[in-house]
Amino acid sequence: MSHFSHQVHATVKIAKLKEEELHPTVHCLTFGENVASGDYCLLELDSTLCARIEAGHSLTIRGDKDEHAVLCTESKTYDLRIADTSNLLLFVPGCNTPDQMTGDQTHPQLVHSQISGFSNSYWEVRPRRPKLKKLKKLLMENPYEGPLVRTVEDSDQNSPGYTMGDLLDRIQASEVEIIAQLKNIHACEIDGYWRVLDFDYEMKLLGFVTQLVDSESWSFGRVPLDYCLQELGPLEPKEMIEHCLNCYGRRYIDEGGEVCFALDEEKVCQAMAQMLLQNAVKFNLAEFLEVWQQSVPEGMTTRLDQLRSLALVDRTSRPETISLLRVEDLPEDTQERFNFLFSMREKWSEDDIVPYIRDLCGEKQTTGALLTKYARSSMQNGMKVYNSRRPMST
């Protein structure tokens, strides 16, 4: 390596390296002027996210000032975490790695490269569940109660709700995940703003539909759209009637080319159960089952398994009772969710607790794995039950 400077030879000797084992091209690094560690931020991407950037797609960082930032593609959400490294990471523009070097590399050469920045940490991304609880909270600031009801928010100069752009700015989730959740909570777009229907108003709409089904002796599997709009249009806006049918039914075209809806038995039964339970702390189970069955359209059958993640039965009380417990009202954080569940009931059967933790599972994660990590199992009267791993304060 006769062309190398004496300084290179000395450095190699001090490092106890063998010159013949080094790559022929050696970089001599020097710091540029005014180089600081805060000039650059490093983000580590997996092959999937890297391919999206190379294909011209965007990655968006979302979160209010008091929230931990997340990274979103069009359809997925990722946690952003700072990872420290013991090795100083140097930014050297135009620096080629050995596999990028071409030409004659048989003779040693010295390349002078300037360091433009450095860092001892980088951002790493990990897939996570979208943070969607805030979505309904925002929309519930001004629920839609019908065209004739003017709320304070509607009557002043402020907008009556949030546009999709507003939601993308505020909600820590991808656009695909936000749209799916809007459908899940029965939200609809009115005059460019997304609104969630007031529950009583939504039940009023569903009541009109189910009463019409009963009065016309229709099968709940075939509810003609045009006839519904014709009969119920004088009572409520036609777009609200159709929205209700979309929320509680499946649209299809019958053999005659007519647009019809097949009402979803489970969704209708769940809605009627919530309507009965929402104003009662506890409801006698036997009485509830009787009233509940009478409240649904002819031909529908109510079953307790329809109420998973909506209501909880207390088999230990005499008489047995049922009460409203909606999974959407529970904490979004996994540890907080388990703390809440064990604060309201010390021991849970697997059948009772699984509906209230299933939504916490990430990709390739099971409810069994969650229970193993956050709960302790034991046998009680021959049945496995789960209790808190942490002592609950009294």
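A salt bridge here is a side-chain nitrogen of Lys or Arg within 4 Å of a carboxyl oxygen of Asp or Glu. Keep that cut-off at hand as you work through these exercises on a predicted model.

**Exercise 1. Salt bridges**

Task: Decide whether the partners in the bridge between D329 and R326 are buried or partly exposed, then look at two further pairs.

Solution:
- Step 1. Start with the distance: the closest N and O atoms of D329 and R326 are 2.9 Å apart. The cut-off is 4 Å, so this pair qualifies as a salt bridge.
- Step 2. Now the surroundings. Buried means under 20% relative accessible area, and exposed means over 50%, with partly exposed in between. R326 has 18% and is therefore buried, while D329 has 44% and is partly exposed.
- Step 3. Not every bridge stands by itself: D64, E67, K134 and R170 are joined into one network by salt bridges that share partners.
- Step 4. Try R81 and D79, whose side chains meet at 3.7 Å, N to O. R81 is partly exposed at 39%, whereas D79 is buried at 12%.
- Step 5. E124 and R126 also form a salt bridge, at 3.2 Å from N to O. E124 is buried, with 17% relative accessibility.
- Step 6. For the overall tally, the count is 20 salt bridges.

**Exercise 2. The sheet with strands 13, 14 and 15**

Task: Work out which strands stand at the edges of the sheet ordered 13-15-14.

Solution:
- Step 1. Read the order: the 3 strands form an open sheet, 13-15-14, with antiparallel pairing.
- Step 2. Strand 13 (283-284) and strand 14 each have a single partner strand, so they stand at the edges and one side of each is left without a neighbour in the sheet.
- Step 3. Follow the pairing on one side. Strand 13 is joined to strand 15 by 2 bridges, and F283 has I322 of strand 15 as its bridge partner.
- Step 4. Follow the pairing on the other side. Strand 14 (residues 311-314) pairs with strand 15 (residues 321-324) over 4 bridges, in the antiparallel sense. Here A311 is partnered by L324.
- Step 5. Check the connection: strands 14 and 15 make a hairpin with 6 residues between them.
- Step 6. Consider the faces. In a regular strand, side chains alternate between the two faces of the sheet. In strand 14, A311 and V313 lie on one side and L312 and D314 on the other, and all four are buried, so both faces are covered.

**Exercise 3. The sheet with strands 16, 17 and 18**

Task: Find which helix packs on the sheet ordered 16-18-17, and which strands that helix touches.

Solution:
- Step 1. Lay out the sheet: 3 strands, open, antiparallel, in the order 16-18-17.
- Step 2. The edges are strand 16 (348-349) and strand 17 (375-380); each has a single partner strand, so one side of each lacks a neighbour in the sheet.
- Step 3. Strand 16 runs antiparallel to strand 18 (residues 383-388), and 2 bridges join them. Within this pair, S349 stands opposite V385.
- Step 4. The helix is helix 14 (residues 367-374), which touches strand 17 and strand 18; its direction makes about 95° with that of strand 17.

**Exercise 4. A loop residue, R345**

Task: Place R345 in the chain, and list what R345 touches beyond its sequence neighbours.

Solution:
- Step 1. R345 sits in the loop between helix 12 (334-344) and strand 16.
- Step 2. With a relative accessible area of 19%, R345 is buried.
- Step 3. Leaving out residues up to four places away in sequence, R345 touches L312, V313, D314 and D352. Look back at Exercise 2: L312, V313 and D314 belong to strand 14.

**Exercise 5. The largest pocket**

Task: Identify which helix gives the largest share of the lining of the largest pocket.

Solution:
- Step 1. Begin with the volume, about 1400 Å³.
- Step 2. The lining has 42 residues, and the closest to the pocket centre are K136, Q181, N184, I185 and E328.
- Step 3. The elements that give two or more residues are helix 3 (133-139), helix 6 (175-184), helix 7 (199-215), helix 9 (238-248) and helix 10 (265-277).
- Step 4. Helix 10 provides the largest share, with 5 residues.

Key
Residues numbered from 1 in each chain as written. Predicted model: local features only at pLDDT ≥ 70, side-chain atom pairs only at ≥ 80, totals over all residues. Heavy atoms only, no water. Buried < 20%, exposed > 50% of the residue type's maximum accessible area, 1.4 Å probe, protein only. Pairing = 2+ DSSP bridges. Contact = heavy atoms within 4.5 Å. Axes fitted to C-alpha atoms, helices over the stretch in contact; angles between N-to-C directions. 1 Å grid on protein atoms, 1.4 Å probe; cavity = no way out; pocket = protein on both sides within 12 Å on 5 of 7 lines; lining within 4 Å. Points joined across faces, edges and corners; volume = space filled by probe spheres on them.
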